[in-house]
Amino acid sequence: MNRIAVVREMGSPLHHQIYLVLADGISTGRYAEGEPLPTEEQLTRMFSVSRITVRRAMTSLHDAGLVERGAGRRTVVRPQIGQPMRMPMTSVIENIVSYGAETVAKVVEFGYVQARGFARDRLWDANQTPVQRAVRVRYQDGTPVMHLTSYIPAALGETFTKTDLNRIPMFQLLARAGAHICGAEQLVSAVLAEPLVASRLGVKVGAALIDLRSLMIDQQGRAVEYVEMLAVPEHLKLRFNMHPEQLRSTGVAPAQKRKR
């Protein structure tokens with residue numbers, strides 16, 4: 001089990017840092033609904049802290065409604081509320097192009113892992129085959145503004161390298177591999193920065209971040225990319241276009257022209 005560093009100098013109590021790491025794992029699907037979290041003993045080894053510190057973190061998770069006691073007294077993830085919103089593809093592409101034009105990406109992690117949670121359930125060919133996992137930090141005028149974690153089916157990920165991803169936007173690499181993005185599901189919420197992300201974005205542990213998760217669909221109807229983007233609020237603007245038929249489906253009628 002990998003060790004995760006939590007330090008007092010990060011400006012947040014150790015139990016709160018552990019809470020943020022575990023809450024992030026739940027919100028991003030690394031710990032799926034109904035799945036047990038690591039035991040208290042495993043968490044003490046993982047974070048190199050005392051058991052009482054772990055218990056305080058678990059109490060915070062329970063108070064936040066993220067976990068509950070399951071069979072055998074194991075702590076399991078509660079079902080999370082939230083449905084993806086389906087936006088016009090023009091909006092998604094506009095945002096992707098805007099990010100690429102205004103920011104510079106640096107790959108900080110790159111490799112292949114077994115998919116878990118949402119990525120395993122929805123990503124094409126991810127149930128049995130390892131997926132490419134890449135973590136990038138996007139900078140604007142030298143300031144880190146976005147932290148992106150992407151998951152790509154191995155059949156597509158093996159067509160490019162870490163060096164390629166440092167130079168070419170992901171959607172262009174996918175298109176080069178024959179997966180042209182033509183649809184997406186997105187879920188927007190807010191999270192608190194856990195220690196590793198906070199250090200990479202240059203913010204305090206527990207700072208509020210925009211959490212934008214996207215599932216990209218190609219021309220064959222395959223889910224070819226799942227990306228989790230965490231962004232500093234003051235550096236991000238999202239534009240979504242709503243067509244008249246979408247407004248009607250929400251019960252909001254478009255404005256009518258006045259008769260003269």
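This report covers the sheet, a helix pair and the nonpolar cores of one predicted model.

**The sheet**

Six strands form an open sheet. Their order is β3-β4-β5-β8-β7-β6, and the pairing is antiparallel. At the edges lie β3 (104-113) and β6 (181-192), each of which pairs on one side only. From one strand to the next, the twist averages 15°.

Strands β7 and β8 run antiparallel and are joined by eight bridges. L215 has Y226 in β8 as its bridge partner.

The table lists strands of this sheet with their residue ranges.

| Strand | Residues |
|---|---|
| β3 | 104-113 |
| β5 | 143-153 |
| β6 | 181-192 |
| β7 | 208-218 |
| β8 | 223-231 |

**S150 in strand β5**

S150 sits in β5. Is S150 buried or exposed? Its relative accessible area is 0%, under the 20% cut-off, so S150 is buried. Beyond its neighbours within four places in sequence, S150 contacts Q132, R133, A134 and R136. M170, E225, Y226 and V227 are also in contact with S150. Y226 thus appears twice: it touches S150, and it is the bridge partner of L215.

**Helices α2 and α3**

Two packed helices are described by the angle between their axes and the distance between the axes. Helix α2 (residues 40-47) packs on helix α3 (residues 51-63) at about 110°. The axes are 9 Å apart. The angle falls in the 65 to 115 degree range, so α2 is roughly perpendicular to α3.

Which residues of α2 and α3 meet? From α2 come E40, E41, L43 and T44. From α3 come R51, V54, R55 and M58. By class, this contact has three nonpolar residues, one polar and four charged.

**The nonpolar cores**

In soluble globular proteins, nonpolar side chains tend to be buried together. Here the largest nonpolar core holds 30 residues. L61 and L209 touch the most other members. Helices α1 (14-27), α2, α3 and α9 (195-201) each supply at least two residues. Which helix gives the largest share of this core? That is α1, with eight residues.

Leaving aside its neighbours within four places in sequence, L209 has contacts that include S189, A190, V191 and A193. V197 and L201 are in contact with L209 too. So are L230, A231, V232 and P233.

Another core lies apart from the largest one. This core has 15 residues, among them I152, L165, A184 and V224.

Note on methods:
Residues are numbered from 1 along each chain as its sequence is written. This is a predicted model: local features need pLDDT of at least 70, side-chain atom pairs count only at pLDDT 80 or more; totals for chains, interfaces and linings use all residues. Side-chain values use heavy atoms; hydrogens and water are left out. Axes are lines fitted to C-alpha atoms, for helices over the stretch in contact, and angles run from 0 to 180 degrees between N-to-C directions. Helices (H or I, at least four residues) and strands (E, at least two) are DSSP runs, numbered from the N terminus. Angles under 35 degrees count as roughly parallel, over 145 as roughly antiparallel, 65 to 115 as roughly perpendicular and the rest as oblique. Contact means heavy atoms within 4.5 Å. Ala, Val, Leu, Ile, Met, Phe, Trp, Tyr, Cys and Pro count as nonpolar, Asp, Glu, Lys and Arg as charged, and the others, Gly among them, as polar. A nonpolar core is a set of buried Ala, Val, Leu, Ile, Met, Phe, Trp, Tyr and Cys residues joined through side-chain atoms within 4.5 Å. Buried means under 20% relative accessible area, exposed over 50%, partly exposed in between (1.4 Å probe, protein chains only). Two strands pair if DSSP finds at least two bridges between them.
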